[in-house]
Structures are given as C-alpha cells and as structure tokens.
Amino acid sequence: MKETGILGGGKPLSLRVGDLISTSIHDIARSIAKPSLGVVIRCSKVRREVIIACGNQEHDVAPSADSGLVIDAESVGEGTIPGDIVIDLDRLFTVGADACTKVGRLTTEKTDRLLRKLAAIRTTEYYEFAHKPAAFARGKSAVPVSGRTYDAEDMRYLVDSALDFWLTTGRFAEEFEREFAGFLGAGSASLCNSGSSANLLALSCLTSPELGEKRLKPGDEVITLAAGFPTTVNPILQNSLVPVFVDIGIPTYNVEAGRLDEALSAKTRAVMIAHTLGNPFDVDAVLAFCERNDLWLIEDCCDALGSTYARRDASTAGQPASSAPLAGTFGHISTFSFYPAHHITMGEGGAVVTGDRRLKILLESFRDWGRACWCSPGHDDTCKRRFEWKLGDLPYGYDHKYTYSHVGYNLKPTDMQAAVGLAQLRKLPAFIEARKRNFKTLYDGLLPLQEFFILPEPTAKSDPSWFGFPIAVRPDAPFSRDALIRHLDRHKIGTRLLFGGNLTRQPAYKDLNYRIAGNLGNSDFVMNQVFWIGLHPGLNRPELEYVIDCFTDCAKQAGVHK
C-alpha cells in the first residue's frame, strides 16, 4: 500500500464523536493547523479499517501501526459529546483515494482509547529519559538494601488509572484482588493501604461479636515473636490483648515448636507470627499447635510473597518445596505488604487474604469505616435491601450504607496504587526467581568467610522467596557488627538491622502489658550481632560481586583472611 506524506496548514482538525472517517481524508489534510502531535490515518479497503497511529514525528516517517488505534467496521457508533475533541496533526500520511473506504464513525470509546494511547507513548518516552536505571559503577553507585524495581509499563498503568480520576478503589483494585488471590491459590484478597494496616485488620476482625465464642476479647493472649517487626505486635496491644513474646532459633530466625508449648496458657487464643525475611516458619509444627489448642493463626507474609512450604500431608507428599503451597495459604488469615521495599510495590499498600467468606466480610467492614454495608465504592445497593434492614436500635429501613457494625477505620488504598500493583504482579514470578538467584550468589560468595559469620538457613521443606540476606557476626570475630556496617556504608552498601531486635527492650514497649515465655537470649543476640543486606531484583551480579568483595576486604583489613 503506497503512502504519501502531506504537510497541512490552516485551522485545527476537530474530530468529534460521531464524525465520519471516510474518503474525505484529503479534505481533512487541508485543514491541519500548527503541528503539535504526529498522527497517521490509514485506510484499507481490503481489511475495511482505519488505523490512527500517534507519535511525535521529526521526519516524514509514519509511526508504526502497532502504536495506533484500529477503528473497524464493527465498531461504528453514533452520537456526540459536549465540545470538541481536538487533535492537532503534525504529519498526515494517506494512501491514494482509490484505496479508501468509508468504515464508520469515531465513538466516545474509541476517542478515549486514542487519547490514552497518546499518554502511554509520552509516558514511555519520559521513563526512558528520566527513570531508566544507569549502569552500575563500583565504588560510585549505591547498592541499596531494598528498592523499587519498575519499568515504563508500571508508569503507564499509573497514568492510565490517573486518567480515570476515580482515586479511591475501583477497576484496578478489583482486578488486582482477583489476580492476587489467584496467584496464591487463596479464597480472596482484600486490598488496604499498607502491610501494617493489613495486620491491624487481620487481628481486629477477630474481635468481632459476630464470631461468638471464638471472638478475641480484652485480656486474651496472642503468641508472637520478640525479634519481629513492630506492626506484627502492635495490633495485639491496640486491641487490648496481651502479646506473649517467644524467642527464635538461629539461623532460621523463626519460632521453634517447643517455644510455642512453653508460651501456652489458659488465656491463649491466637498465634500471630511472621515468616522472617521471607524464610517460612515450620508450618507443620505451628499448624499442629494451633489445631491442637483451637487457636487462630495469622500469617504475617509481608516479607514472604512467593515463599513455599511442602507440608507433611498426603496432598503434598513427595512434592518439591519450590512447587509446594505458598506462604499465606496456611493460616486463617494472612497479610502482605506492597511498600517499595517489598516483593512488589504499590508505593504504599497491603492486602489481607483469607479462605473464609465470613472473615472476608468482617475484614472489609473494619477496613471500610466499620460499616455493615458491603457495597463497593460507586455502588449503592449490592444487598438489594439497602432500605429494608432493622439493625441495633436504629429505626427500620435506616440506610444500610450508614449503618455501622464495628468500630472500624478507613484503610482503603487508591486505584492508582492498585494500578501499579497490577503491573508489578505480572512481573512477580521473575522477581521471585531473581531473589532466589541473588540469595545463592551471596551465600556462595560469603561461604569462605563463615568463620566470622553465621549465614542464614532455609527452614526444612521450604523454598524461601527471600526478602533480605541476614548475617550474624560471630561474637569472637575480630571485628564487630557495627564496625562492619560502617565499612559497608563507606562503600555505599546499604544495610538494615533485623527490625527491632528484642522488642521488649524498645522504648515504645516499656511498661506495656505483655508476657515473656522462657528467655529471649537469641532475640538479644539478634539485637547485638545480626543485620541484613539486599538481594532484591534491582541488583545484578556486578553489584553482588562488589558486595562480596567488600566483605572480604573487611576480613583482610582485620588481618585474618587471605
């Protein structure tokens, strides 16, 4: 098909919904004004289509049809919208008049898609200019402990959601919840604004009167870890429950089964613990303990998205750990974080997952102001009884959307956050593999230095999707943990301590109501000797080899390693 470039002049081309796209293309060409946008309009009588392709053209070369919008004979629409949708054309490329055929009218839907396509093209160009990662330079580039791994696609999803200007949860949130639950093989996922909020919702919903005798009440005890992240513990205190702190094992950094038995009392009603740094806890032992004592189990998976554990039952017998069930599918409720440091990011964001329909309704009630209504934003009568309820001491027919069954919060995310998360979710399998690969590179590289360090070990029957690489500096090493961290910092290598160390020694927990089961010697060891380094997908072999070299240099400077 021969194309001819025509450079126009005159008044702007105004394409309104309802305008006929036809053989009058040469007339359109004559009305083009000052250039600001490159567009191709191409007609084909063979395929009966018009392709409008967009791009900023510096030369008389048409953009690829792949970047365009196809208006075919089946999508003819009628009607107009208020005002004009004006497209100023930089270059107009047409075929000869003998190849043109009338194909239909420009519709609102097609115009919307065209303008979104333009925004996507410009967003990709901006990513390439402003956000594309630079090459790593040893000693000059930072090696962050965590960070966002994103590309132009993530930014396009974000811009697409912004064009909706829906702002609260909407179509992207609904799609993310569905796909995320599908990835996990779980019943349902409910989005919220952070992993910390996910933990708050998970525990708070168990205080609902609708759970009857299973309801958690003030003074009930919840077993948790002393060497954990504060927001795994804080919801226990915020709901007037009593945390019972237990110690961990090293080098898995997870609870050991015997410590759970030691923590049990007549007041114990739940267990809320994390898979530390992505390393699953002993699921068989923890589940057996909870089932034996009729306890709720909340899995904090904020660091463990993609980790698996091969359970000791008939359904997984002989199954490799890498294809076993995912963390987050074992407890009554599980929680996830999508903070920039985590496996996928929404900026701020989290999710609560459960296979129990009753718990899902309670979770979303606490998330959505505590209301009894379960309508999604923008919907008014999902239950079909909005003005027909009689609840509490309210009059009959009181608006269900303003009836509250719990003392709740507003912890929803925006649809823009969900859009980024949805784009990230498509990359998750590759992210998980990168984390596992980077863990192995670091482990193999630091193995010759194990006389100074205790290296991490996966829990038996697990295949972790590691969040970070924990390292314990042996007490008899010729250098301290703090000296090593300062050495790494001078070389632009990021580090973090293992969260709060022994939380019972943190200022925030002084004089609060909690109980300690046994001793917390290993939690104190973590507080004094342990830190972790990054292995996120944004790091590649050159960065990891530089990190290994810096550890080796520190040992050499101490005069103890050749």
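# Salt bridges, helix α8 and a surface patch

Lys436 has a relative accessibility of 19% and counts as buried, because the cut-off for that class is under 20%. The model is predicted. The side chain of Lys436 meets that of Asp463 in a salt bridge, with 2.8 Å from N to O. This pair links distant parts of the chain, since Lys436 belongs to helix α11 and Asp463 to strand β17 (residues 462–463), 27 residues apart. Elsewhere, Arg116, Asp160, Asp164 and Arg171 are joined into one network by salt bridges that share partners.

The protein has 562 residues, and 53% of them are buried. Its secondary structure comes to 14 helices and 21 strands. Among contacts with a separation of 6 or more, 73% are between residues 24 or more positions apart. The accessible surface amounts to about 25200 Å², and carbon and sulfur atoms account for 52% of that surface.

How many salt bridges does the structure hold? The total is 30. Side chains of opposite charge can pair when their charged atoms come close. Three of the pairs are listed here with their N to O distances.

| Basic residue | Acidic residue | N to O distance |
|---|---|---|
| Lys436 | Asp463 | 2.8 Å |
| Arg426 | Glu175 | 3.1 Å |
| Arg311 | Asp284 | 3.3 Å |

In the salt bridge between Arg426 and Glu175, the closest N and O atoms are 3.1 Å apart. The two residues come from distant parts of the chain, 251 residues apart: Arg426 is in the loop between α10 and α11 (428–446), while Glu175 is in helix α4 (residues 171–184). Arg426 is partly exposed at 37% relative accessibility, and Glu175 is also partly exposed, with a relative accessible area of 27%.

Arg311 and Asp284 form another salt bridge, in which the closest N and O atoms are 3.3 Å apart. Arg311 sits in the loop between β13 and β14 (333–337) and Asp284 sits in helix α8, so this pair ties together parts that are 27 residues apart in sequence. Is each partner buried or partly exposed? Arg311 is partly exposed, with a relative accessible area of 23%, whereas Asp284 is buried at 4% relative accessibility.

Helix α8, which carries Asp284, spans residues 283–292 and is mostly covered, with seven of its 10 residues buried. Besides Asp284, the buried set holds Val283, Ala285, Val286, Leu287, Phe289 and Cys290. Which elements do these buried residues pack against? Their partners are the strands β9 (221–225), β11 (268–274), β12 (296–300) and β13 (308–309), together with helix α7 (257–263). After α8 comes Asp294, with a positive phi near 55°.

The surface also carries a nonpolar patch formed by Trp369, Tyr398, Tyr402 and Tyr404. Together these residues have about 480 Å² of accessible area. Trp369 is placed in the loop between α9 (357–367) and α10 (415–425). With a relative accessible area of 41%, Trp369 is partly exposed.

Note on methods. Residues numbered from 1 in each chain as written. Predicted model: local features only at pLDDT ≥ 70, side-chain atom pairs only at ≥ 80, totals over all residues. Heavy atoms only, no water. Buried < 20%, exposed > 50% of the residue type's maximum accessible area, 1.4 Å probe, protein only. Helix = DSSP H or I, 4+ residues; strand = E, 2+ residues; numbered from the N terminus. Contact = heavy atoms within 4.5 Å. Patch = residues over 30% accessible without salt bridge, like charges linked within 9 Å, V, L, I, M, F, W, Y side chains within 5 Å. Areas by Shrake-Rupley, 256 points an atom, 1.4 Å probe, with all protein chains shown as cover. Salt bridge = Lys/Arg side-chain N within 4 Å of Asp/Glu carboxyl O.
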